[in-house]
Amino acid sequence: MDVPSKQASGDGAGADPFSAAPGGGAEPSSAAPGGGAEPSSAAPGGVNRAVHGPALYLIPCYLDPESLAPLPAYILDAVKACQVFFVENERSARRYLKALWKEMVIDDYEWHTIHKAEEEVVAVFRHRLKEGKTIGLISEAGCPGIADPGQILTEAAHRAGATVHPLVGPSSILLALMGSGLNGQQFRFCGYLPVDAGGRAKALRDLEAESARLNCTQIFIETPYRNNQLLETLLATCRPGTRLCIAANLTGPREYIKTRTVGEWKGGKLPELHKVPAIFCLLSI
């Protein structure tokens, strides 16, 4: 949920304030043995092939389409194990899987769009599990079930007695917290704040007060085209000593992570966040 497409790429307006970050790590291998062949179950850290019966793989997606390096190689094993995919956006999911596995014959697989996991989608999902299918669940970006509608299908899988496999992958929420230097022992993801200015300001005052009372990092997001308005309200509403982290374009070549007090942000140059996927972390002490 969704994180603004959780980290879907946005077309920034004007000069880009984000400095290029060197890419790290090796991309997962796109070479795959013949179409449909299952990978070996013996590989250390690989996907477990020994499980029988219906199964659900929660398959992470890249945060930035220019960066496959943060994706563990074993995600490809899970993709090859699936016969059916439930995805937030079919077009981008197909493009993502082809980037992972160039030899994949996309039309050999069954595809369903989640939307908000309406009852008819859940009914199809349950039916495929009854047939003993192995299903892959893919969010628009980041980890399925974290701030997106995939959690409804995961709940249905548990109710159906299917085996659920969450896979390691990039999460913009956790990466922002990791890079913020704020309290990682106590934190809360608050999702989207109210759109109207008055409601947004009240929500920020409440989050700031709760943060001070509980020593808790508050993490929240906004639709990318409203990021600048949210930042303006933050700086106008919160106390000068409150610490604010802005994390944008995570894992991408223009990754940006800065933590400063509200007073320091107000006294310096602000990043241009219009249509840029971003996460905000706040800690009041």
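These are my notebook entries on the sheets, helix packing, cysteines and two single residues of a predicted model.

**Entry 1. Overall counts**

I started with the secondary structure and found eight helices and ten strands in the chain. I then looked up burial: of the 285 residues, 49% are buried. For contacts, I took those with a sequence separation of 6 or more; residues 24 or more positions apart account for 78% of them.

**Entry 2. The parallel sheet**

I traced an open sheet of five strands, and I noted its order as β3-β2-β4-β1-β5, with parallel pairing. Its edge strands are β3 (110-113) and β5 (163-166), each of which pairs on one side only. Ignoring direction, I get an average turn of 20° between neighbouring strands of this sheet.

Within it I checked one pair of strands. Strand β2 (residues 84-87) and strand β4 (residues 134-138) are joined in the parallel sense by four bridges. I looked up F85 in particular, and its bridge partner in β4 is G136. Helix α2 (residues 90-100) packs on this sheet, where I list contacts to β1 (55-59), β2, β3 and β4. The direction of α2 makes about 135° with that of β3.

**Entry 3. The mixed sheet**

I traced another open sheet of five strands, in the order β6-β7-β10-β8-β9, and here the pairing is mixed. The edges are β6 (187-192) and β9 (256-261), which each pair on one side only. From one strand to the next I read an average twist of 20°.

I picked out β8 (residues 243-248) and β10 (residues 278-283), which run antiparallel and are joined by six bridges. In this pair I found I246 opposite F280 of β10.

I then listed helices on this sheet. Helix α5 (residues 172-180) packs on it and touches β6, β7 (217-221), β8, β9 and β10. The angle between the directions of α5 and β10 is about 45°. Helix α7 (residues 227-237) also packs on the sheet, touching β7, β8 and β10. For α7 the angle with the direction of β10 is about 10°.

**Entry 4. Helix α7 and N227**

I wanted to know which residues of α7 are buried. They are N227, N228, L230, L231, T233, L234 and L235. I noted that these buried residues pack against α6 (197-214), β7, β8, α8 (262-267) and β10.

N227 belongs to helix α7, and I looked it up separately. I record N227 as buried because its relative accessibility is 0%, below the 20% limit. Setting aside residues up to four places away in sequence, N227 touches E222, L273, V276, A278 and F280. I had met F280 before, as the residue that I246 stands opposite.

**Entry 5. K258 on the edge strand**

Is K258 buried, exposed or partly exposed? I found K258 in strand β9, which is an edge strand of the mixed sheet. With a relative accessible area of 37%, K258 is partly exposed, because that value falls between the limits of 20% and 50%.

Leaving out neighbours within four places in sequence, I list L244, C245, I246 and W265 as the contacts of K258. I also took the C-alpha separation of K258 and A248, which are ten residues apart along the chain, and got 9.2 Å.

**Entry 6. The α3 and α4 pair**

I looked at helix α3 (residues 119-130) against helix α4 (residues 150-159). They pack at about 40°, with axes 10 Å apart, and their crossing is right-handed. On the α3 side the contact is made by V122, F125, R126 and L129, and on the α4 side by I152, L153, A156 and A157. Sorted by class, I have seven nonpolar residues, no polar ones and one charged one in this contact.

I noted the general rule for such spacing: residues three or four places apart point the same way, because an α-helix has 3.6 residues a turn.

**Entry 7. Cysteines**

How many disulfides are there? My count is zero. I checked C61, whose closest cysteine sulfur is that of C143 at 10.0 Å, which is too far for a bond because the cut-off is 2.5 Å. C61 is buried, with a relative accessibility of 3%. I also looked up C238, which at 6% relative accessibility is buried.

Conventions:
Residues are numbered from 1 along each chain as its sequence is written. This is a predicted model: local features need pLDDT of at least 70, side-chain atom pairs count only at pLDDT 80 or more; totals for chains, interfaces and linings use all residues. Side-chain values use heavy atoms; hydrogens and water are left out. Two strands pair if DSSP finds at least two bridges between them. Helices (H or I, at least four residues) and strands (E, at least two) are DSSP runs, numbered from the N terminus. Axes are lines fitted to C-alpha atoms, for helices over the stretch in contact, and angles run from 0 to 180 degrees between N-to-C directions. Contact means heavy atoms within 4.5 Å. Buried means under 20% relative accessible area, exposed over 50%, partly exposed in between (1.4 Å probe, protein chains only). A crossing is left-handed if the near helix is turned anticlockwise from the far one by less than a right angle, and right-handed if clockwise. Ala, Val, Leu, Ile, Met, Phe, Trp, Tyr, Cys and Pro count as nonpolar, Asp, Glu, Lys and Arg as charged, and the others, Gly among them, as polar.
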